[in-house]
Amino acid sequence: EEIADWINKLPAGVEIVCELKFDGLSISLWYENGVLTKALTRGDGVKGDNVIDNIKTIAAIPQRLSDIGYRAADTGFLELRGEVLLPWAAFERLNKEREAEGEALFANPRNAASGTLKLQDPNEVARRGLTCYLYYMLGENLPAHTHYDRLQIAKQWGFPISNAVKVCHSLEEVMDYIHYWDIERKNLPVATDGIVLKVNDLSTQEELGYTAKSPRWAIAYKFPAEKQLTRLNAITYQVGRTGVVTPVANLDPVQLS
C-alpha cells in the first residue's frame with residue numbers, strides 16, 4: 001500500500017528504477033581527476049572514517065579510472081555511493097576460523113563487514129574477501145540525464161554495479177520485480193534486505209526534492225522478516241514497578257537472519 005501510495009503521488013508517466021537493497025556497510029568513494037582519493041564510512045551521519053587503505057584491497061573497486069568513456073577534465077570530481085559486503089561464503093569461512101580459535105562469532109555478514117573495515121591491517125582485510133556494489137554516481141558535468149543511464153555508464157567505467165537494476169513503468173511491474181527478488185535473493189552470494197525504488201529522471205528528482213529525513217523521489221521496501229518455528233516452554237509473570245502483571249513467553253532460542 002505504501003509503494004502504491006508513493007507511485008500515485010509521482011507525476012504521470014514517470015519511470016521508476018528498481019534496485020536490490022544490499023545489507024552491508026555504506027561507503028562513499030571520492031575520485032579526483034580519475035584517482036580514488038577517499039573512501040568514507042557513514043559514521044554517525046555527520047562524521048565518518050576514511051578507510052581508503054582497506055577499500056583498496058577490494059578488487060571490485062577501481063583505484064584509477066581508465067580513459068575509456070571518461071575524461072578527468074570533463075568531470076574533475078566524482079563520487080560513488082554504495083555498500084561494502086562480505087559474501088555468504090566468506091562469512092561462513094570466517095566464522096569457522098573464529099570458532100576454531102575460540103573467538104566470538106559474527107552474527108551476520110553486515111557486522112562482519114563493518115568489523116573488517118575497522119581493522120588496522122589491510123592484509124587481513126584483503127584475506128577476508130570483501131566485495132562492493134555501488135548504486136549512485138554524482139559529479140560535475142556527468143553524461144546522461146537519468147539515474148539508470150548513469151549506472152550503466154559507471155559500469156562501463158569499471159565500477160561494480162548490480163545486474164539486477166531494472167526500469168519499471170507501472171505499479172504492476174514494480175510488484176513483479178519485488179515478488180521475483182523476494183524469492184531469487186536467496187540464491188545471491190551476498191545479503192539483501194529489500195528493494196529501493198527511485199525516480200529515473202534526474203531533473204524530476206530535483207523537482208520532487210527532500211523531506212526533513214529522506215528524498216521524495218525514492219522509497220525503500222523491506223522484505224518480510226524471516227520466520228522460524230520454536231517451542232513455547234512456559235509462561236511466567238513479571239510484576240512491574242506499578243504493580244502491573246505482564247505475561248512473558250519463555251521460548252527455545254532460534255537463529256533468525
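Trainee: Which elements are among those that cover the buried residues of helix 4?
Mentor: Helices (H or I, at least four residues) and strands (E, at least two) are DSSP runs, numbered from the N terminus. Buried means under 20% relative accessible area, exposed over 50% and partly exposed in between, with a 1.4 Å probe and protein chains only. Contact, used for cover, means heavy atoms within 4.5 Å. The cover over the buried residues of helix 4 includes helix 5 (109–117) and helix 6 (122–128).

Trainee: What kind of model is this?
Mentor: Residues are numbered from 1 along each chain as its sequence is written, and side-chain values use heavy atoms, with hydrogens and water left out. Local features need pLDDT of at least 70, side-chain atom pairs count only at pLDDT 80 or more, totals for chains, interfaces and linings use all residues, and the model is predicted.

Trainee: How many helices and strands does the protein have?
Mentor: The C-alpha trace spans about 70 × 50 × 40 Å along its principal axes. Of the 257 residues, 40% are buried. Among contacts between residues at least 6 apart in sequence, 66% join residues at least 24 apart. The secondary structure comes to 9 helices and 10 strands.

Trainee: Why do the buried residues of helix 4 line one face?
Mentor: The buried residues are Ala-90, Phe-91, Leu-94, Asn-95 and Arg-98. Seen down the axis of helix 4, they line one face because they fall within a limited arc, taken from the directions from the helix axis to the C-beta atoms. In general, an α-helix has 3.6 residues a turn, so residues three or four places apart point the same way. For helix 4 the arc is 130 degrees.

Trainee: Which exposed residues does the face of helix 4 turned away from its buried side carry?
Mentor: Helix 4 covers residues 88–100, which is 13 residues. From first C-alpha to last it reaches 18 Å, close to the expected 18 Å (1.5 Å times one less than the number of residues). The face turned away from the buried side carries the exposed residues Ala-89, Lys-96, Glu-99 and Ala-100.

Trainee: Which residues does Asn-95 touch, not counting those up to four places away in sequence?
Mentor: Asn-95 lies in helix 4. Asn-95 counts as buried because its relative accessibility is 11%. Beyond four places in sequence, Asn-95 touches Leu-105 and Phe-106.

Trainee: How far apart are the C-alpha atoms of Gly-115 and Gly-102?
Mentor: Gly-102 comes just after helix 4 and takes a positive phi of about 75 degrees. Gly-115 is in helix 5 and counts as partly exposed at 24% relative accessibility. The two glycines are 13 residues apart along the chain, and their C-alpha atoms are separated by 17 Å.

Trainee: Which element gives the largest share of the lining of the largest cavity?
Mentor: On a 1 Å grid over the protein atoms alone, a cavity is a set of points where a 1.4 Å probe fits but cannot get out, and lining residues have an atom within 4 Å of a point. The search finds 1 cavity of 30 Å³ or more, and the largest has a volume of about 30 Å³, the space filled by probe spheres set on points joined across faces, edges and corners. Its lining is Tyr-136, Met-137, His-147, Arg-150, Leu-151 and Leu-202. The largest share, 3 residues, comes from helix 7.

Trainee: Where do the buried residues of helix 7 sit around the axis?
Mentor: Those residues are His-147, Arg-150, Leu-151, Ile-153 and Ala-154. They cover an arc of only 160 degrees, which puts them on the same side of helix 7.

Trainee: Where is Asn-33, buried or exposed, and in which loop?
Mentor: Phi of Asn-33 is near 50 degrees, a positive value in a residue other than glycine. At 54% relative accessibility, Asn-33 counts as exposed. Its place is the loop between strand 2 (25–32) and strand 3 (35–41).

Trainee: How far apart in space are Leu-251 and Gly-139, C-alpha to C-alpha?
Mentor: Leu-251 is found in strand 10 (residues 245–251) and is partly exposed, with a relative accessible area of 47%. Leaving aside neighbours within four places in sequence, Leu-251 is in contact with Thr-230, Arg-231, Leu-232 and Asn-233. Leu-251 and Gly-139 are 112 residues apart in sequence, and their separation in space is 52 Å.

Notes. On a 1 Å grid over the protein atoms alone, a cavity is a set of points where a 1.4 Å probe fits but cannot get out, and a pocket is an open set with protein on both sides within 12 Å along at least five of seven lines; lining residues have an atom within 4 Å of a point.
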